[in-house]
Structures are given as structure tokens and as C-alpha cells.
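Visitor: I have a structure to go through with you. Shall we take it piece by piece?

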Amino acid sequence: MEIRGTTGFFSEELLREIEELGMHSRGRVASGDVQFADGSRAELGPETCAVITHVLSTAPSGHIALEKMNAEMSRAEAAAMLGVSDATLQKYIDSGRLIAHGDSSEQKFVAEEVLALRAQRLVERQQAFAKLRELEEKYFPED
């Protein structure tokens with residue numbers, strides 16, 4: 001792997017190593033430790049394990065991007081993170097699904113709350129899709 005500034009470039013050799021790990025059948029990295037060049041060791045926390053899982057599972061696609069996320073985000077950032085319009089974001093605020101902090105001109109959102117809503121929306125979409133598949137199988141059975 002070659003590092004230039006904040007960008008890392010990985011080789012086919014790294015992709016072969018990742019494939020040998022068998023990420024597709026093992027799931028996420030749950031725990032582990034690292035040994036540094038000076039011989040010292042450290043236990044990996046859950047966030048670091050999540051990053052490693054993301055990198056290992058995404059690398060074969062050829063592009064990985066990691067960015068630091070602030071503890072708070074603006075209205076535009078929250079809408080972008082959720083993949084919704086400003087009007088839909090307002091509906092989430094009005095319904096209590098998301099809490100806005102500050103006055104209407106400078107609303108801020110707790111990043112963890114936005115991420116939690118995003119995860120909840122993903123589950124809801126998966127459940128809705130499963131229900132749709134059930135209805136499809138019920139009313140349009142394959143011959």
C-alpha cells in the first residue's frame with residue numbers, strides 16, 4: 001500500500017489478502033488487537049473494528065472513502081446524510097423522529113441521532129420490501 005498525503009493506494013496483492021480472509025462468509029470484524037512496530041500491542045475498539053470491516057469489505061470495489069464526521073451537523077448535512085429533501089427532514093422534526101437543536105435559522109442535529117434515524121429508515125425499507133415480496137408471492141405466485 002502506498003500513502004500520498006491522506007490518500008492510500010492499494011495493490012492487487014492487498015485484494016488477494018482480503019479475499020483470503022473470507023470476509024463474505026465471516027461477517028464483521030468484532031474484536032482484535034494490533035502490534036506496533038515498537039513491539040507494543042493495543043486492543044481494537046468497536047469503532048476501529050467497524051472501520052476495518054468497512055475497508056476490508058469495500059476495497060474490492062476499488063474505492064474507499066472515509067471522512068471525519070463532526071458531533072453536530074447542519075440541516076443540509078442531516079438531509080444529505082438521510083438522503084431526503086428539506087421538506088422531509090422537517091416532517092421528521094415535526095413528528096419527533098429527529099430533534100433539532102437551536103433556532104430555525106441555525107438548526108443543528110446530533111450526528112449520532114441522524115445516523116440512528118438513517119439505520120432505522122433502512123430497517124423500515126427492508127421490512128416494507130419484505131412485505132411487498134410476501135404480497136407479490138401471495139397474489140402473483142410463480143407457475
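Visitor: How many salt bridges does the count come to?
Guide: This is a predicted model, and side-chain atom pairs count only at pLDDT 80 or more. A pair needs a Lys or Arg side-chain nitrogen within 4 Å of an Asp or Glu carboxyl oxygen. By this rule the count comes to five.

Visitor: Which residue meets D33 in a salt bridge?
Guide: D33 is partly exposed, at a relative accessible area of 39%. Its partner is exposed, at 54%. The N to O distance is 2.6 Å, and the partner is R41.

Visitor: Which helices does the salt bridge between D86 and R75 link?
Guide: The closest N and O atoms of D86 and R75 are 2.5 Å apart. The two residues lie 11 residues apart and link distant parts of the chain. R75 belongs to residues 75–82 and D86 to residues 86–95, that is, to helix 4 and helix 5.

Visitor: In that pair, is R75 buried or exposed?
Guide: Buried means under 20% relative accessible area. D86 has 43%, so D86 is partly exposed. R75 has 18%, so R75 counts as buried.

Visitor: Why are R133 and E137 separated by about one helical turn?
Guide: Their side chains meet in a salt bridge, at 4.0 Å from N to O. R133 is partly exposed, with a relative accessible area of 39%. Both residues sit in helix 6, which covers residues 111–139. They are separated by about one turn because their spacing in that helix is four residues.

Visitor: Which residues are linked with R133 in a network of salt bridges?
Guide: One link is the bridge from R133 to E137. The network also takes in another Glu, E136. The residues linked with R133 are therefore E136 and E137.

Visitor: What is the nearest side chain of opposite charge to R121?
Guide: R121 lies in helix 6. R121 is buried yet has no salt bridge. A salt bridge would need a distance within 4 Å. The nearest side chain of opposite charge is 5.6 Å away, and it is E124.

Visitor: Which side chain does R121 join in a polar contact?
Guide: The R121 side chain also reaches a backbone oxygen, that of L82, at 2.6 Å. Residues that R121 touches, not counting those up to four places away in sequence, are L82, V84, Y92 and R97. The polar contact between side chains is 2.7 Å, and the partner is Y92.

Visitor: Where is Q107 found, and how far is the side-chain polar contact to R75?
Guide: Q107 is found in the loop between helix 5 and strand 6, the strand of residues 108–110. Q107 has a relative accessible area of 13%, so Q107 is buried. The polar contact joining the side chains of Q107 and R75 is 2.2 Å.

Visitor: Which residues does Q107 touch, leaving out those up to four places away in sequence?
Guide: Contact means heavy atoms within 4.5 Å. R75 is one of the residues touched. A65 can be placed by its C-alpha atom, which is 27 Å from that of Q107, 42 residues apart along the chain. The full list for Q107 is M73, S74, R75, I93, A100, H101 and G102.

Visitor: How do the elements run from the N terminus on?
Guide: The secondary structure comes to six helices and six strands. In order, the elements run β-β-α-α-β-β-α-β-α-α-β-α.

Visitor: What is the radius of gyration of the protein?
Guide: The C-alpha trace spans about 60 × 55 × 25 Å along its principal axes. The globule rule gives 15 Å for 143 residues. The protein is well over that, so it is more spread out than a compact globule. Its radius of gyration is 21 Å.

Visitor: What share of the 143 residues is buried?
Guide: The accessible surface comes to about 11100 Å², with 54% of it belonging to carbon and sulfur atoms. Among contacts with a separation of 6 or more, residues 24 or more positions apart account for 41%. Buried residues make up 20%.

Methods:
Residues numbered from 1 in each chain as written. Predicted model: local features only at pLDDT ≥ 70, side-chain atom pairs only at ≥ 80, totals over all residues. Heavy atoms only, no water. Buried < 20%, exposed > 50% of the residue type's maximum accessible area, 1.4 Å probe, protein only. Lys, Arg positive; Asp, Glu negative; His and termini not counted. Polar contact = N/O pair within 3.5 Å; in protein donor to acceptor, adjacent residues only side chain to side chain. Rg over C-alpha atoms; globule rule 2.2 N^0.38 Å. Areas by Shrake-Rupley, 256 points an atom, 1.4 Å probe, with all protein chains shown as cover.
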